[in-house]
Amino acid sequence: MTAPTVLHVATASPYDVVVGHGVLDRLRGLLPDGVQRVAIICPESLEHLLEPFADLLDGLDVVVLQVPDGEEAKNWEVAAACWEALGEEGFTRSDAVVTLGGGATTDLGGFVAATWLRGVAVVHVPTTLLAMVDAAVGGKTGINTPAGKNLVGSFHEPAGVLCDLALLATLPREELVAGLGEVVKCGFIADPRILELVETTDPAALTADSPVLRELVERAVQVKADVVAGDLRETGGAGGRPGREALNYGHTLAHAIEKATGYEIRHGEAVAIGCVFVAELAARAGALPAELVDRHRAAFGRVGLPTSWDGADFDTLLATMRVDKKARGNQLRFVVLADLAQPVVLAGPSEADLRAAYAAISGGAA
Ligand SMILES: NC(=O)c1ccc[n+]([C@@H]2O[C@H](COP(=O)([O-])OP(=O)(O)OC[C@H]3O[C@@H](n4cnc5c(N)ncnc54)[C@H](O)[C@@H]3O)[C@@H](O)[C@H]2O)c1
Ligand SMILES: O=C(O)C(=O)C[C@@H](O)[C@H](O)[C@H](O)COP(=O)(O)O
Ligand SMILES: [Zn+2]
């Protein structure tokens, strides 16, 4: 068995992301010194994964907070139920939260850890590909509101992240494919080697034990680590470059699509559609060459992700996009590519360009 890879996130509160097979025994080492009690936040559907944790956390008081599965957990009622449970346990600042689940669980659990006593330690143990490569790393936590996705939250960095690729063995194929949406996104914004790997590997061979999948995970985590180390709180990169906003590539439309479907579509699927949309937008408003737009469709499509969508009229989506966190006042802002791995911010594109880009991905439904 290959040794785990340890990737370092060099922010002001640095931490490690451990990637490997059968690495759950590293959990203890990621918890801060002096932790006495651990609250594991985990959806009911994944409680069978809890078994090894009794031994791994032997000697600590462990309480399990059961939360709903997936996006159903990302709301204030579930957060409030977690706060109530922590209160009943008398959870203090020497205690820690461990999240075990997909990105919805790490977002919710991270938010609970960020807000309880104004912040207690959290270690993420992501169980989906998407959470390993993206949600568990970087410290964005949050819940949804009726107005849209992730509109309440905070930046709260984990004390550590444990990516045990063996956990992916039970992940349904469509969830693994959804995770590849964020991986391919990283290829376009920062690491073209990711695209080459995706373009030359049989997608069916990207399974939990695949060395290529492991390389993709490590590369995507490295992209995220580099970006957040440069601009943790999304205030902007050096020299007018987008900084952390680059990680939001494709997300403005993606979040609007998720809301329009009542969160029926997977996040990674919506991101794939959103990336094709901003590629079309860049081709109109900027100068992205047509072959790079085609490469978006080919790369996301190759792994089995959708590259078109016509489930809502553009005005509905536009209204939701106006509360995107990148918007300023009435001005919409999008991350687009000037070229491969060259993300830039496009502020205030014309409505005509937006409608034309949407028409291009929706078969003319604008
Ligand atoms: N904070 C961030 O930086 C960030 C980044 C990307 C995405 N996100 C958020 O992450 C969420 C999406 O995460 P996701 O794609 O992991 O979805 P998810 O958390 O909803 O999990 C998807 C499904 O997979 C199941 N599952 C999880 N692990 C499993 C396993 N090992 N075996 C079998 N089934 C398993 C879950 O029960 C769930 O039904 C969205 O809410 C998105 O906004 C956050
Ligand atoms: O970490 C980031 O920054 C990202 O934008 C990563 C995204 O993949 C992720 O979906 C994030 O939660 C979206 O952030 P939001 O600020 O638009 O809610
Ligand atoms: Zn995302």
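Where does ligand 1 lie in relation to domain 1 (5-170) and domain 2 (173-362)? Keep that question in mind while we walk through this structure, which is a predicted model.

Let's start with the whole chain. Its secondary structure comes to 13 helices and 11 strands. The C-alpha atoms fill a box of roughly 60 × 45 × 40 Å along the principal axes. How well does the chain agree with a compact globule? For 366 residues, such a globule would have a radius of gyration near 21 Å, and the chain has 20 Å, so the two agree. Of the 366 residues, 48% count as buried. The chain also brings together residues that are far along the sequence: among contacts between residues at least 6 apart in sequence, 72% join residues at least 24 apart.

Now look at how the chain is divided. There are two parts, domain 1 (5-170) and domain 2 (173-362), and their C-alpha centres lie 25 Å apart. Where they meet, 29 residues of domain 1 are in contact with 28 residues of domain 2. On the domain 1 side, two or more residues each come from strand 1 (5-9), strand 2 (15-20), helix 5 and strand 8 (148-155). Helix 5 gives the most to that side, with five residues. By class, this side of domain 1 has 18 nonpolar, eight polar and three charged residues.

Next, step inside. The largest nonpolar core has 114 residues, and the members that touch the most other members are Ile41, Leu108, Val217, Ile273 and Val278. Helix 10 gives the most to this core, with 13 residues. Both domains take part, with at least three residues drawn from each of domain 1 and domain 2. Try finding Ile41 in the picture: leaving aside its neighbours within four places in sequence, its contacts include Leu65, Val67, Cys82, Val97 and Leu108.

For a contrast, turn to Ala319, which has its place in helix 12 (residues 314-321). Is Ala319 buried or partly exposed? It has 13 C-beta neighbours inside 10 Å, and therefore counts as partly exposed. From Ala319 to Cys82, one of the contacts of Ile41, the distance is 32 Å in space, C-alpha to C-alpha, and 237 residues in sequence.

With the domains in view, we can return to the opening question. Both domain 1 and domain 2 give residues to the shell around ligand 1, so this ligand lies between them. Its shell holds 30 residues, and the closest are Gly70, Gly102, Gly103, Thr127 and Thr128. The elements that each give two or more residues to this shell are helix 4 (103-115), helix 5 (129-135), helix 6 (173-189) and helix 10 (267-285). By class, the shell around ligand 1 has nine nonpolar, 13 polar and eight charged residues. Two of these helices are already familiar: helix 5 from the domain 1 side of the meeting place, and helix 10 from the nonpolar core.

Finally, there is ligand 2. Which residues are around ligand 2? They are Asp134, Gly138, Lys140, Asn150, Glu182, Arg244, Leu247, Asn248, His251 and Lys325. This shell has one nonpolar, four polar and five charged residues. Domain 1 and domain 2 both contribute to the shell, so ligand 2 lies between them.

How values were computed:
Residues are numbered from 1 along each chain as its sequence is written. Chains are lettered from A and ligands numbered from 1 in the order in which they are written. This is a predicted model: local features need pLDDT of at least 70, side-chain atom pairs count only at pLDDT 80 or more; totals for chains, interfaces and linings use all residues. A residue is near a molecule or strand if its C-beta atom, placed from the backbone, lies within 6 Å of it. Helices (H or I, at least four residues) and strands (E, at least two) are DSSP runs, numbered from the N terminus. Ala, Val, Leu, Ile, Met, Phe, Trp, Tyr, Cys and Pro count as nonpolar, Asp, Glu, Lys and Arg as charged, and the others, Gly among them, as polar. Domain bounds come from an automatic or database domain assignment. A nonpolar core is a set of buried Ala, Val, Leu, Ile, Met, Phe, Trp, Tyr and Cys residues joined through C-beta atoms within 7 Å. A residue is buried if 20 or more other C-beta atoms lie within 10 Å of its own, exposed if 12 or fewer, and partly exposed in between; C-beta atoms are placed from the backbone. Two residues are in contact if their C-beta atoms, placed from the backbone, lie within 7 Å. The radius of gyration is taken over C-alpha atoms; the globule rule is 2.2 Å times the number of residues to the power 0.38.
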